[in-house]
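Notebook open, structure on screen. Today I want to see how the sheet is put together and then look up a single residue in it.

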Amino acid sequence: MDMTLHLTIDCADPQRMVAFWAEALGYVPEPAPDGHATWRQYWLAVGVPADELPDGAGDHPESIVDPTGRGPRVWFQQVPEPKIAKNRWHFDLKVGGGRGVPLDVRRERVQAAVEQLVGAGATVVQLRDEAGSYVAAMQDPEGNEFDVV
């Protein structure tokens, strides 16, 4: 079976999420398809009714892609309802290098990533330094949980 993976994340503010997660994952905003200045123009050109596009939808990129082409596309779908419960899944951003790297080096790498992500709008929920691992539990700008390991 031929398949590609595409993640869809519900959110209130796609632009904010695109900016944050592009930085967090090393991705880039996905450009509109050839021949279209914006995604909105593309959606209208392929027949999506204007009344089905929320105000501002598609005026700016609402998805991010891995510039190397290896990782999945991530689309931030604007929805009216807020996030109200804990995620049932989350990203683990593995920046430390794994258990083959000395713990003090992993701590430094995780802390550097945490500082960058806080600067981009994330919040630190908890730092765990136990059992030979160092993990930062964090939330993105809309409160979605993720870990930096």
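My entries below start with the sheet, go on to the helices and end with one glutamine.

**Sheet.** I am working from a predicted model. I looked up the strand order first: the sheet is open, has 4 strands in the order 5-8-7-6, and its pairing is mixed. Why do strand 5 and strand 6 each have one side without a neighbour in the sheet? Strand 5 (91-93) and strand 6 (123-130) are at the edges and have a single partner strand each, so one side stays free of a neighbour in the sheet. From one strand to the next, I get an average twist of 20 degrees.

**Strands 6 and 7.** I checked this pair next. Strand 7 covers residues 133-139 and runs antiparallel to strand 6, with 7 bridges between them. Glu-130 sits opposite Ser-133 of strand 7.

**Helices.** Helix 1 (residues 14-25) packs on the sheet, where I find it touching strand 5 and strand 8 (145-148). The direction of helix 1 is at about 45 degrees to that of strand 5. Helix 3 (residues 103-119) lies across strand 5, strand 6, strand 7 and strand 8, and makes about 10 degrees with strand 7.

**Gln-126.** I found this residue in strand 6. Is Gln-126 buried, exposed or partly exposed? Its relative accessibility is 40%, and partly exposed means between 20% and 50%, so Gln-126 counts as partly exposed. Leaving out residues up to four places away in sequence, I see Gln-126 touching Val-135, Ala-136 and Ala-137. Its side chain also makes a polar contact with the side chain of Arg-128, at 3.3 Å. Last, I looked at Val-74: it is 52 residues from Gln-126 in sequence and 26 Å away in space, C-alpha to C-alpha.

Definitions and conventions
Residues are numbered from 1 along each chain as its sequence is written. This is a predicted model: local features need pLDDT of at least 70, side-chain atom pairs count only at pLDDT 80 or more; totals for chains, interfaces and linings use all residues. Side-chain values use heavy atoms; hydrogens and water are left out. Two strands pair if DSSP finds at least two bridges between them. Helices (H or I, at least four residues) and strands (E, at least two) are DSSP runs, numbered from the N terminus. Axes are lines fitted to C-alpha atoms, for helices over the stretch in contact, and angles run from 0 to 180 degrees between N-to-C directions. Contact means heavy atoms within 4.5 Å. Buried means under 20% relative accessible area, exposed over 50%, partly exposed in between (1.4 Å probe, protein chains only). A polar contact is a pair of N or O atoms within 3.5 Å; within protein, one must be able to donate a hydrogen and the other to accept it, and residues adjacent in sequence count only if both atoms are side-chain atoms.
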